[in-house]
Amino acid sequence: MIAFRHVNYFIEGRQILKDITFEIPDGESRVIMGHSGSGKSTILRLILGLICPRSGEIYVQGKNICGAKEKQLQEIRKSIGMVFQDGALFDSLTVGENVGYYLLEHTKMQFTNIEEKVREMLGFVGLSDDIIDRLPDQLSGGMQRRVAIGRALLSTDPKIMLYDEPTTGLDPQATSTVIDLINRLAQVKHVTSIVVTHQIADAVEMAKKFIIIDDGQVAFDGTLKELSETAEPRVMEFLAPFRESIANIRKIDFI
């Protein structure tokens with residue numbers, strides 16, 4: 001379970017998150033949406049324990065990580081996989097070195113065994129192992145995202161997966177492939193998935209429940225049906241440009 005309880009976060013005196021409260025049960029997928037600068041990605045950093053709130057409590061797998069020591073946070077992070085915006089692969093490392101980075105740097109596993117695991121992981125994320133010696137800039141954007149997901153999976157064997165704008169900048173075919181992979185991970189490995197995105201058409205394909213952050217506050221937390229029926233002005237304003245696309249995908253009348 002991931003839970004935020006009355007979390008407030010400030011940067012240089014400016015409040016970024018205001019009394020944030022929500023809960024995500026184990027094995028559930030949740031999409032967090034909102035305008036740029038609303039605090040979406042800050043929530044992911046808080047879950048990882050990379051930053052600390054000024055007040056409130058954050059529970060990850062039943063443990064309150066606020067005020068936890070770095071050694072405790074490192075243990076918690078072992079259960080979390082993170083896919084950063086644009087993949088954030090190491091440009092100077094090959095695909096194989098990127099995917100196997102954690103095993104190469106932090107274990108004593110034999111290189112041949114690491115290579116075998118890397119090839120298996122590439123297959124799992126739908127990539128041919130003949131790209132193992134390529135550099136990231138020799139791959140398409142969609143392939144880079146799948147390599148990044150493979151790296152996250154091989155690094156931590158996660159119970160939780162965090163995705164920061166996983167489909168931004170991808171063409172429709174690559175977007176569909178990445179969404180299918182995210183959904184397959186949730187179903188096959190039963191991971192808890194949190195996806196930050198501003199692509200609403202993609203969001204409805206990755207989760208059944210949604211959180212909308214507006215001006216650092218939770219403006220909405222619920223299902224797609226509840227989202228279609230809300231009269232909350234901030235949510236209606238956010239959804240206004242996208243109502244037609246959502247209605248087409250789920251055949252829901254948003255009028």
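Let's start with disulfides: how many does a search of the whole structure find? The count is 0. Keep in mind that you are looking at a predicted model. To see why the count comes out this way, take Cys52. Its closest cysteine sulfur belongs to Cys66, and the gap is 6.8 Å, which is too far for a bond. A disulfide would need the two sulfur atoms to be within 2.5 Å. Turn it around and Cys66 tells a matching story: this residue is in no disulfide, with the sulfur of Cys52 as its nearest cysteine sulfur, 6.8 Å away. As for their surroundings, Cys52 is exposed, with a relative accessible area of 53%, while Cys66 is partly exposed at 23%.

Now step back and look at the overall layout. The protein is divided into two parts: domain 1 covers residues 1–79 + 158–221, and domain 2 covers residues 93–157. Try finding the C-alpha centre of each domain; those centres lie 24 Å apart. The two domains do touch: 19 residues of domain 1 are in contact with 11 residues of domain 2.

Next, have a look at the inside. The largest nonpolar core has 49 residues, and Met33 and Ile149 are the ones with the most contacts within it. Where does the largest share of this core come from? That would be helix 6, residues 141–156, which supplies 7 residues. The core also draws at least three residues from each of domain 1 and domain 2. You can follow Ile149 as an example. Setting aside residues up to four places away in sequence, Ile149 touches Val83, Val125, Tyr163, Leu181, Ile182 and Leu185. There is a second, separate core too, with 29 residues, including Ile32, Ile43, Leu48 and Ile80.

On to the sheet. Six strands make up an open sheet in the order 6-7-8-3-9-10, and the pairing is mixed. Which strands stand at the edges? They are strand 6 (80–83) and strand 10 (217–223); each has a single partner strand, so one side of each is left without a neighbour in the sheet. On average, neighbouring strands here are turned by 15° against each other, if you ignore direction.

You can see what "mixed" looks like by picking two pairs. Strand 3 (residues 29–34) and strand 8 (residues 192–196) run parallel and are joined by 4 bridges. In this pair, Val31 stands opposite Val195 of strand 8. Strand 9 (residues 209–214) and strand 10, on the other hand, run antiparallel, with 6 bridges joining them. Here Ile213 stands opposite Val218 in strand 10.

Just before strand 3 sits Glu28, in the loop that links strand 2 (14–24) to strand 3. Is Glu28 buried or exposed? Glu28 is buried, with a relative accessible area of 19%, and the cut-off for that label is under 20%. Apart from neighbours within four places in sequence, Glu28 is in contact with Val191, Thr192, Ser193 and Lys209.

Go back to strands 9 and 10 for a moment, since they form a hairpin with 2 residues between them. Asp215 is in the turn and has a positive phi of about 50°. Most residues other than glycine have a negative phi. Asp215 also meets a part of the chain that is far off in sequence: its C-alpha atom is separated by 7.8 Å from that of Leu17, although the two are 198 residues apart along the chain. Beyond its neighbours within four places in sequence, Asp215 is in contact with Lys18 and Ser38.

Two other residues with a positive phi are worth finding. His6 has a phi of about 55° although it is not a glycine, and this residue lies in strand 1 (residues 2–11). Glu165 isn't a glycine either, and its phi is about 50°. Look for Glu165 in the loop between strand 7 (160–164) and helix 7 (172–188). Their surroundings can be set side by side: His6 is partly exposed, with a relative accessible area of 47%, whereas Glu165 is buried at 7%.

How values were computed: Residues numbered from 1 in each chain as written. Predicted model: local features only at pLDDT ≥ 70, side-chain atom pairs only at ≥ 80, totals over all residues. Heavy atoms only, no water. Core = buried A, V, L, I, M, F, W, Y, C linked by side-chain atoms within 4.5 Å. Buried < 20%, exposed > 50% of the residue type's maximum accessible area, 1.4 Å probe, protein only. Domains from an automatic or database assignment. Contact = heavy atoms within 4.5 Å. Pairing = 2+ DSSP bridges. Axes fitted to C-alpha atoms, helices over the stretch in contact; angles between N-to-C directions.
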